[in-house]
Amino acid sequence: MTSLQTISERELGEMSALVQSRVLTEVVSQVQTLLNKLGTASLDIAVTGESGAGKSTFINAFRGLGDEDKGSARTGVIETTREVAVYQHPSLPTIRLWDLPGIGTPDFRPERYLEDVNLERYDFFIIVASERFKENHALLARSIGSMGKKFYFVRTKVDSDLASSRRQQPSSFNEAGILDRIRGDCARSLERSGAGCASVFLVSGFEPHKYDFTRLRDTLERELEGYKRHVFLLALPNLSCAYVEKKKQALSGTVWKTALSACLAAAVPGAALHCNVDMLMQTLRSFQRHFGLDPESLRRLADRTEKPYEALRAAVRSSLAEDLSAQRVVELLRQAALGQQVLTRVVESRVPVLGSIANGGVSFAATHYILSTALNELAEDAKRVIGTALEERKGETEPEFQVPDPGFFAYD
């Protein structure tokens, strides 16, 4: 018997508030519009700084890629960015990082730079330096701020600074003290240059799980709003259980919308169950990608952590993480539809359009169950993969898709 799962009053309230019409085509269009807004939300991030500051490596790390991975930004010891170059997130192509030409090159013209790179295109700027921030950085920040855009200062290559300090002063080496000194030095440089009191994030493109990379992501998450915040959460790297939980929370808000759209879009008079199986399969595959459980993501993680791909794949235990066939999904829907009388009555009373088609409530309940189960199980799989990659956890037994008992859905 599975543990009790609930469809919350919040979800029912959202559905009943949104879906007032009993006209099937109107409801399908309304819900699909919401899903399209979530699925097409874009985020454009400009990354700029002096030549050789590590902009390209930062862009790769931000997207969870190494410098030699497919689709990575080109890096080198000489200036490699002379024109604006755009790089998509590997699993969310609507998130784009723009590698802007270096501001310290002879071709740099501060008075024309923002116009040349098309300032209005970007949601915010990340200003990168590998040593001290200089007057050009502060000038750029003031210009960006005057245009109503946000900017963030990132100091790269702190791993090199720490390694150098350790070699020079092995007996008195203190990592926290050195990081505080670098951070303070950067802040003072920016203040002297006229940038005011600014926060500086210390990062390493080769160790994105250390230093201030997490604080930078948390700051961006906190300051972004609406659909842009949603898509940013889905792009968080699967480097910690906390990030996995944030992704799970973001995706949970789409479950009822997808379930409702999938079952109404496929409504056929007299059918025992209504569900757009292709839509359901696409959603399950997107869950796998968001949690980094698809083969490409697992291979990329294996390369970066030097762990065998087979070991990471073995940590994925849910049967819903497989590449399911349409026939298997239909069978899962039939199993999930068993014992949904309680939820069916509640949902059909709150969402009139479901009561207007035969078995509408049952179809919704079955689809909602599969998506909710997948979200929970795949999130746990992602945590096990992280544990395996970091050699911190051992797995348990494999969870199997189970037929819900009549009390599986409860109204709370």
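Accessible areas here come from the Shrake-Rupley method with a 1.4 Å probe.

**Figure 1. The whole protein chain, as a predicted model.** Let's start with the overall picture before zooming in. The protein chain exposes about 19200 Å², and carbon and sulfur atoms supply 49% of that area. Of its 412 residues, 52% are buried. Its secondary structure comes to 17 helices and 8 strands. If you count the contacts with a separation of 6 or more, 71% of them are made by residues 24 or more positions apart.

**Figure 2. Close-up of the largest pocket, with about 700 Å³ of space.** A total of 33 residues line this pocket, and those closest to its centre are Gly64, Pro237, Asn238, Leu239 and Leu301. Look for four helices around them: α3 (55–62), α11 (277–290), α12 (295–305) and α17 (360–389) are the elements that give two or more residues to the lining. The most comes from α12, which provides 5 residues. As for chemistry, the lining of the largest pocket divides into 17 nonpolar, 9 polar and 7 charged residues.

**Figure 3. Close-up of the second largest pocket, with a volume of about 600 Å³.** Here the lining is made by 24 residues, and Leu35, Leu38, Gly39, Ser286 and His290 are the closest to the pocket's centre. At least two lining residues come from each of α2 (24–40), α9 (226–234), α10 (241–265) and α11. Which element gives the most to the lining of the second largest pocket? It is α11, with 7 residues. You will recognise α11 from the previous view, as it also gives two or more residues to the lining of the largest pocket. Sorted by type, the residues lining the second largest pocket are 10 nonpolar, 13 polar and 1 charged.

**Figure 4. Close-up of helix α6, residues 158–168, and its buried residues.** Four names to find in this view are Val158, Asp159, Leu162 and Ser165, which are buried. Seen down the axis of α6, its buried residues fall within an arc of 130°, so they line one face of the helix. Turned away from that buried side is a face carrying Arg167 and Gln168, both exposed. For reference, a residue is called buried under 20% relative accessible area and exposed over 50%.

**Figure 5. The packing partners of α6.** What do the buried residues of α6 pack against? Their partners are the strands β6 (150–155) and β7 (200–202), together with helix α7 (175–192). Among the α6 residues to pick out here are Leu162 and Ser165, both buried.

Key. Residues are numbered from 1 along each chain as its sequence is written. This is a predicted model: local features need pLDDT of at least 70, side-chain atom pairs count only at pLDDT 80 or more; totals for chains, interfaces and linings use all residues. Side-chain values use heavy atoms; hydrogens and water are left out. On a 1 Å grid over the protein atoms alone, a cavity is a set of points where a 1.4 Å probe fits but cannot get out, and a pocket is an open set with protein on both sides within 12 Å along at least five of seven lines; lining residues have an atom within 4 Å of a point. Grid points are joined across faces, edges and corners, and a volume is the space filled by probe spheres set on the points. Ala, Val, Leu, Ile, Met, Phe, Trp, Tyr, Cys and Pro count as nonpolar, Asp, Glu, Lys and Arg as charged, and the others, Gly among them, as polar. Buried means under 20% relative accessible area, exposed over 50%, partly exposed in between (1.4 Å probe, protein chains only). The arc is that of the directions from the helix axis to the C-beta atoms. Contact means heavy atoms within 4.5 Å.
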